[in-house]
Amino acid sequence: MTTAIIGVGNIGGALARHLVRGGEPVMLAAREESNAAALAGELGPLASAATVQKAIAAADVVVFAVWFDALKQVVAEYAGLLDGKVVADPSNPLGITADGTPFRTLPEGQSQGSLVTAMLPAGAHYVKAFGTLVADSLANSANRTPRRAVLFYATGDDRAAAATERLITVAGFDPVKAGGVNEAVRIEMPGGDLHQAGGLGGRLLDADQAHAAVAAA
């Protein structure tokens, strides 16, 4: 399975590092192609850099580790290449005020996941995943002992679920499903009750705690 990561900032870069450490090949792409090339060079032979178009075309799973506005642009431009792909979306409906205060850019209760799903071709396999921890925790909490930390995901697509569970496990976390795409709002920030920076109040959960939290809604 080939995984393309579009965007090599805090989330995309951390995920790429974890997957490579787990023995998974990744293809990296970014608006600034030199940034993707630099990270690929750092990570070694399991990582390669490509243009966004080539990375999407070559991948089985495409992770869009970019802000929502950039995600909309890329999906519109490359929608034809996404048919048949697993599309993983870690981004959040998050804006920042001039004084640094985060705010939700969508109406309360509306999931960004539902909007992204509507943008994709009918044959794409969408999953909300890899964005349920703050960047520092994602970077530093892989392979935690004695029990792994959880990454939640949300999808109603079996193919997307299987691919996501495999990649989360390879990355050093335990996967726990929050529900279908209609439940993606629970794992988005700000406000999601299953997001580390939302209802979890900064906590990292193990699998037992995470299943209990999903059921408690």
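Pro190 sits in the loop that joins strand S10 to helix H8 (207–215); helices (H or I, at least four residues) and strands (E, at least two) are DSSP runs numbered from the N terminus. The peptide bond that leads into this proline from Met189 is cis, with omega near 0°. The model is predicted, so local features need pLDDT of at least 70 and side-chain atom pairs count only at pLDDT 80 or more, while totals for chains, interfaces and linings use all residues. Residues are numbered from 1 along each chain as its sequence is written, and side-chain values use heavy atoms, with hydrogens and water left out.

The loop between S10 and H8 also holds Gly202. Gly202 has a relative accessible area of 43% and is therefore partly exposed; buried means under 20% relative accessible area, exposed over 50%, and partly exposed in between (1.4 Å probe, protein chains only). From C-alpha to C-alpha, Gly202 lies 9.3 Å from Ser137, with the two positions 65 residues apart in sequence numbering.

A cis peptide bond also runs from Thr145 to Pro146, with omega near 5°. Pro146 belongs to the loop between helix H6 (135–140) and S9. Asn143 is in the loop between H6 and S9 too, and has a positive phi of about 55° although it is not a glycine. Its relative accessibility is 47%, so Asn143 counts as partly exposed.

Phe130 is another non-glycine residue with a positive phi, here about 75°. Phe130 is placed in the loop between S8 and H6. In contrast to a partly exposed residue, Phe130 is buried because its relative accessible area is 2%.

Phe130 leads to the nonpolar interior. A nonpolar core is a set of buried Ala, Val, Leu, Ile, Met, Phe, Trp, Tyr and Cys residues joined through side-chain atoms within 4.5 Å. The largest such core has 35 residues, and Ile5, Leu28, Phe130 and Phe173 touch the most other members. Two or more residues come from each of helix H1 (10–21), strand S2 (26–29), helix H2 (33–43), strand S4 (61–64), strand S5 (86–89), strand S8 (125–129), strand S9 (150–154) and helix H7 (158–170). Contact means heavy atoms within 4.5 Å. With neighbours within four places in sequence left aside, Ile5 is in contact with Gly12, Leu15, Ala16, Leu19, Val26, Met27, Leu28, Ala29, Val63 and Ala65. A second, separate core has 25 residues, among them Ala59, Val75, Tyr126 and Val181.

Ala171 lies in the loop between H7 and strand S10 (174–179). Its relative accessibility is 2%, so Ala171 counts as buried. Apart from neighbours within four places in sequence, the contacts of Ala171 are Leu15, His18, Leu19 and Ala142. Ala171 and Gly23 are 148 residues apart in sequence, yet their C-alpha atoms are 9.2 Å apart in space.

Helix packing comes next. Axes are lines fitted to C-alpha atoms, for helices over the stretch in contact, and angles run from 0 to 180 degrees between N-to-C directions. The axes of H1 and H2 are 11 Å apart and the helices pack at an angle of about 25°. H1 is therefore roughly parallel to H2; angles under 35 degrees count as roughly parallel, over 145 as roughly antiparallel, 65 to 115 as roughly perpendicular and the rest as oblique. The crossing of H1 and H2 is right-handed, a crossing being left-handed if the near helix is turned anticlockwise from the far one by less than a right angle, and right-handed if clockwise. H1 contributes Gly13, Ala16, Arg17 and Val20 to the contact, and H2 contributes Leu39, Glu42 and Leu43.

For helix H4 (residues 68–82) and helix H5 (residues 112–119), the axes come within 10 Å and cross at roughly 15°. H4 and H5 are therefore roughly parallel to each other, and their crossing is right-handed. On H4 the contact is made by Phe68, Leu71, Lys72 and Val75, and on H5 by Gln112, Leu115, Val116 and Met119.

After H5, Pro121 falls in the loop that leads to S8. Leaving aside neighbours within four places in sequence, Pro121 is in contact with Ala79, Leu82 and Asp83. Pro121 and Asn140 are 19 residues apart in sequence and 35 Å apart in space, C-alpha to C-alpha.
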